[in-house]
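Biologist: I keep tripping over the terms people use for models like this one. Can we go through them one at a time, with the cut-offs on the table?

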Amino acid sequence: MEPAEVEFLAEKELVTIVPNFSLDRIHLIGGDLGPFNPGLPVEVPVWLAINLKQRQKCRLIPPEWMDVGKLEEIRDQERKEDTFTPMPSPYYMELTKLLLNYASDNIPRADEIRTLVKDTWDTRMAKLRLSADSFVRQQEAHAKLDNLTLLEINTTGTFLTQALDHMYKLRNNLQPGESSHSQDF
Amino acid sequence: MRYGHTEGHTDVCFDDTGSCIVTCGSDGDVRIWENLDDDDPKSINVGEKAFSCALKLVIVNKQCDVIVICSDFMIKVVEVTDNSKQKTFRGHDAPVLSLSFDPKDVYLTCTTSWLLLQKCNDVINAKSICRLAWQPGSGKLLAVPVDKVVELFRRETWDSQFKLSDASITQPLNVVVWSPCGQFLAAGSVDGNIVVWNVETQQCIERMKHEKKYSICGLAWHPKYKQIAYTDTEGNLGLLENIGDVEKPNDKVASAVAKDYNDLFDGDDDDYLNGDGIEPPSSPKSGDNEDDADDLMQPPGHVRRAVIDDDDDNSLDIGLIKASSALLEKEDDGDDQTGGFSALPPSSTQQPFYDGPMPTPRQKPFQPGSTPVHLMHRFMVWNSVGIVRCYSDEQDNAIDVEFHDASVHHATHLPNSLSHTMADLSTEAILLACESTEELASKLHCIHFGSWDANKEWTVDMPKDEEIEAICLGQGWAACATTALLVRVFTVGGVQKEIFSLPGPVVSMAGHGEQLMVVYHRGTGFDGDQCLGVQLMELGMKKRQVLHGDPLPLTRKSYLVWVGFSAEGSPCYVDSEGIVRMLNRGLGNAWVPVCNTREHCKGKYDHYWVVGIHENPQQLRCIPCKGARFPPTLPRPAVAVLPFKLPYCQVATEKGEMEEQYWRSVLFHGHMDYLSKNGYEFDENAKNQAVKEQQELLMKLFALSCKLEREFRCVELADLMTHGVVNLAIKYASRSRRLNLAQRLSELAVQKASQLAAAQEDEEEEEDFRKHSGAGHSSSATNWGQLPGRRVQQDQEVEDAEETDACEEEDETPEVHKEKEPNHFSKGVTSAEVITPKPALVAPSGRGRVNPFKVSSSKKDPVVPSANVLDNMTKYSKKTSLSGSRAVNKQNAPVIKPLTPKPKTKQASAASFFQPRTPATNPGEKTVEEREEKAGNESQEAKVTAQENTENRRPKTGFQMWLEENRANILTDNPDLNEAEVIKEGMSRFRMLTSEERMVWTEQARGGKVSDSAEDKKRKRPVSEEDEVKKSQEQKSEDTNVSKKSKPLDPPTNNRLSAFAFKQS
């Protein structure tokens, strides 16, 4: 899976927008959206919100967790705990990126939010690397990590599994190599 | 007095030099005021959200470098110079009520919950806040308010020295504060009394009462002058000057109560009321600044013995903090104090005091949807069209106009050089108005962006000394109300039109379409009530006044905060208690409360700021405001939608709930009658839906009452029903063996029918009518609806028929009946799918007479059809409520389709019996038309194929096609039948088919539509089954599913079986 795919999935998350146009309910395969009343908040998927926003057809209301105070709390919590803490949204990183890129004018203190989310992300990635490291070092057979988001799994998933494969091969080759040697002799 | 903070706990103090007042409030802000007139206090946000409810007090100690804030169980010390340094003292296990710095900076005293008072977990619950105070200078005495007296404790020993009390104090004291000289002690009580004692003599020298009796929660002496600043729990800041001209402290009575008493209380103290921040009084210089600032007084001599109880409830030692709250044992109360005080003639200290009802200050005029004028950034209007914001900082004075719907007009930024304070916004124009200045007259300024010429703006000056107080826009006109008690109407292009006088000063006005609503003061209200009147006029082609200055009902002690129209044009308003009322034109223009926004608030100080009302769909659009009455401009507030709820009794019960729904539906569709009466267009569909919804509710209520054996109530309910539904009710009643009820209902039905007939005597067009009733009336009552016409003539017959019916009904097993009853509604959905042919209708028509009671008994399968009829209704209602119009269309279609042809069969056979009656359903007729439109597709197709059936030029129906095929069979079975009898027989056979088979026929008749509707059916089924599951227990639905499945095998028996299973479950 690629980050783009993860982002695609994240675009299905619902956000609230305030449209500035009027439109009856629209019927899509994924479900009905609307009705859109000017000035009245309505929940739509992120992809539509961004599309409307780009066309200046709506104002975005940031998700509740996208707030400096809450994110600070989350970041501090994340730093304090050794394990992963639950994130406010399974797509927090993607949503932050998308919404801040396209609708930063509707999000108060956008820059701070960006920094905070990045901090949280970095902390989590560091933890992830650390745990991968200890996993490999101790040659554990399995490990369990809670509260990882899809994008985070994606960043290490492919690499880690391949690396483990390689290591496995290397280790295996080491022993058969010895035995083959003995056969040679 | 002026508005300082939002409601909630507040506190106040002077800084050391007396140059400024510092206040803090529950909004978490600390404000620094130059003086009372300072409109632009410096605000420091100390607390974040967590603090906002808990921020309790600010005390600035001598060096003015430490601010202490206690929040609940903690004390925080903040150094003013550096916000980042915060010390926290923990350890209290009761909420900290109060604390105070020792003048020598050694002690920080604090009170926790007193034992004397109720111990409580939250500051909010504490009755009194027990604000204690050190004697300034020497710090020898600590004054603590204990219930209704002030106790004075000596430093370090914590002995109670003596007590101060006063006869006028009837409620616990909240606050005590020493004068800077240490000579006087002021105390504020929960009920708004402020009392000042001379500590030395222990005499009361001053008493005053807060006009609104709000609880005083903060008091502070001016360091130099004889002023006391106070704050109350509603967030107001006030100043009391010239405290008892106390040059001679021994004066028994300081008669000079604050001279400007009247000034102080002249304004009202709610933010909305004094929106523009009145308060004349108090330039600090005016005080007779004696120099008693320095003469420190000695603590009075007599020492009272007190027991100090240092138990954990009252006091705690934390570091350098010595907590000194003491629990007093009772024996020591100061008899001599009381004695001393009784020496004082209590009355003499008070002004002659009128104790009767007090006139309420009149509320100021306001624009609906605006926030107070004194704010720097404010909403001038927020309505359903858009938002007008006003910024008036130093650098910028501008107005921002933004439209919700960008297609109306683009957002606009206007300079506000004339300093407009009022605005209104419509889809055609922006209307602005300003008050007059020295040079300039009051102006009305209109930006008519809807204009097609180049001049979009016009301005009108008011005559001299006439100020605009309220403005509004309608469709094609603008209006303003002025101080000259005039309402001036203009066209939107600027032509002056009508002008008329108002009976009183305007409060607010609103326009919509051609309606103008003006609210004004009819008189003076008393005891907090406003006395308002309302005029409603129509400025259209025929001008008329709908409301002639009727009194406007408001909740007690409240004032008007919003007035306007619903999007559909019903006048509405909101009062400060959050009650939304709407004009019920169907009830002689009475005002009906439709929503209590306060019910939806989470906190005591939260409010909803109404911005718009929609009747269809029922939405109250408003902005939730935390701890305030109105929203700030930033961050941009989000609109929320509240449901309406009429304050009916017992809405928790099924009955109450349905009653509320019914009347709400009636009320919120009243605008349609109004619109149609005035020749406006409106959505017929919506109206029919509303009627249908109402009838469903009535029917449900009817069934409920039936179940509860409330037959009289049933008849009352039936009285509200339309004619068609009454017949359904009759059917229901007879089915549930309530013959008495059924008879009464039938009388009622006859009555209704005759009324209807009388009403529409002139509407003959029977052909048309038949078509309607045939085409339509969909699933429900309407087939019945046709009958009543005939019933009139057959009334006598009914009775004998009834007897037979009764007998026949006896045949059926009674327990089956019993069980079936409750099921009618709860379970009905299950069989809703089965479109049965309404056997009851056909047979009687064959006989040429109708007996509603006959139905159940004469037919082999009475349950299914009836359940069917009812269920279509219930299901329908459910779906509509679930999802909007589309769902309705979707599932309407399949219901209607099989029905369309059927009535025709009936007509074919029974045409001869039908008199040109115009019998049923005046109200239903429209439904019919609309139905027919929907059914239009198929019927048109069918028409193409229609040939033989020339009698009424109708396309062939399923039944006819079936009959053609089966005529031979019938004839062979009964060779001696004539044509009419053949049809009759055919009909009864046709009815015995399962619904699926019949569907096939009807589809064939329609031609080509089969697959389509079959698909519809498929689609529909899962939904209905879901409903079913929701509605009834799983087991039941299983039963019925099973029965459904097995049906096709042997129609009649299966029907019966399934019905039985149905009943059993």
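Modeller: Let's start with surface: accessible areas here come from the Shrake-Rupley method with a 1.4 Å probe. On that basis, chain B has an accessible surface of about 43,800 Å², and carbon and sulfur atoms hold 51% of that. Keep in mind that this is a predicted model.

Biologist: What makes a residue in chain B count as buried?

Modeller: The cut-off is a relative accessible area under 20%. In chain B, 58% of the 1065 residues are buried. B:Asn174 is one example: its relative accessible area is 2%, which is under 20%, so it is called buried.

Biologist: Where is B:Asn174 in the chain?

Modeller: B:Asn174 sits in strand S16 (residues 173-178) of chain B. Its C-alpha atom is 6.8 Å from that of B:Ile216, 42 residues apart along the chain. For the chain as a whole, take the contacts with a separation of 6 or more: 57% of them link residues 24 or more positions apart. As for elements, chain B has 28 helices and 47 strands.

Biologist: Pick a helix, then. How do you know that the length of H24(B) agrees with what it should span?

Modeller: H24 covers residues 979-992 of chain B, which is 14 residues. At 1.5 Å a residue they should span 20 Å, and the end C-alpha atoms are 20 Å apart, so the two agree.

Biologist: And how do you know that the buried residues of H24(B) line one face?

Modeller: The buried ones are B:Val982, B:Ile983, B:Gly986, B:Met987, B:Phe990 and B:Arg991. Looking down the axis of H24(B), they fall within an arc of 165°, so they line one face of the helix.

Biologist: Why is the pair A:Arg109 and A:Glu112 called a salt bridge?

Modeller: The rule asks for a side-chain nitrogen of Lys or Arg within 4 Å of a carboxyl oxygen of Asp or Glu. Here the N to O distance is 3.0 Å, which is within 4 Å, so the pair qualifies. Side chains of opposite charge can pair when their charged atoms come close. A:Glu112 is partly exposed, at 35% relative accessibility. Over all chains, the whole structure has 24 salt bridges.

Biologist: What makes A:Asp122 and A:Lys118 about one helical turn apart?

Modeller: They are four residues apart in helix H5 (residues 110-137) of chain A, so about one helical turn separates them. Their side chains meet in a salt bridge at 3.1 Å, N to O. A:Asp122 has 37% relative accessibility and A:Lys118 has 40%. Partly exposed runs between 20% and 50%, so both residues earn that label.

Biologist: How do you know that the salt bridge of B:Arg636 and B:Glu402 ties together parts that are 234 residues apart in sequence?

Modeller: The closest N and O atoms of this pair are 2.7 Å apart. B:Arg636 lies in the loop between strand S46 (619-625) and strand S47 (640-642) of chain B, while B:Glu402 is in strand S27 (residues 397-403), so the pair links those 234-residue-distant parts. B:Arg636 is partly exposed, at 25% relative accessibility. Elsewhere, A:Arg75, A:Asp76, A:Arg79 and A:Asp119 are joined into one network by salt bridges that share partners.

Biologist: Which peptide bond is cis with omega near -10°?

Modeller: That is the bond from B:Leu634 to B:Pro635, and B:Pro635 is in the loop between S46 and S47 of chain B. The bond from B:Asn616 to B:Pro617 is cis too, with omega near 0°.

Biologist: What is the phi of B:Ser419?

Modeller: Phi of B:Ser419 is positive, about 45°, although the residue is not a glycine. B:Ser419 is in the loop between strand S28 (412-415) and strand S29 (422-425) of chain B. Another positive phi in a residue other than glycine is that of B:Arg737, near 60°.

Biologist: Last one: what makes B:Trp663 eligible for a nonpolar surface patch?

Modeller: A patch residue needs over 30% relative accessible area and no salt bridge. B:Trp663 comes in at 33%, so it clears the area cut-off. With B:Tyr648 and B:Leu720, B:Trp663 makes a patch of about 250 Å². B:Trp663 itself is in helix H5 (residues 654-668) of chain B.

Definitions and conventions:
Residues are numbered from 1 along each chain as its sequence is written. Chains are lettered from A and ligands numbered from 1 in the order in which they are written. This is a predicted model: local features need pLDDT of at least 70, side-chain atom pairs count only at pLDDT 80 or more; totals for chains, interfaces and linings use all residues. Side-chain values use heavy atoms; hydrogens and water are left out. Helices (H or I, at least four residues) and strands (E, at least two) are DSSP runs, numbered from the N terminus. The expected span of a helix is 1.5 Å times one less than its number of residues. Buried means under 20% relative accessible area, exposed over 50%, partly exposed in between (1.4 Å probe, protein chains only). The arc is that of the directions from the helix axis to the C-beta atoms. Patches are made of residues with over 30% relative accessible area and no salt bridge: like charges are joined within 9 Å, nonpolar side chains (Val, Leu, Ile, Met, Phe, Trp, Tyr) within 5 Å. Contact means heavy atoms within 4.5 Å.
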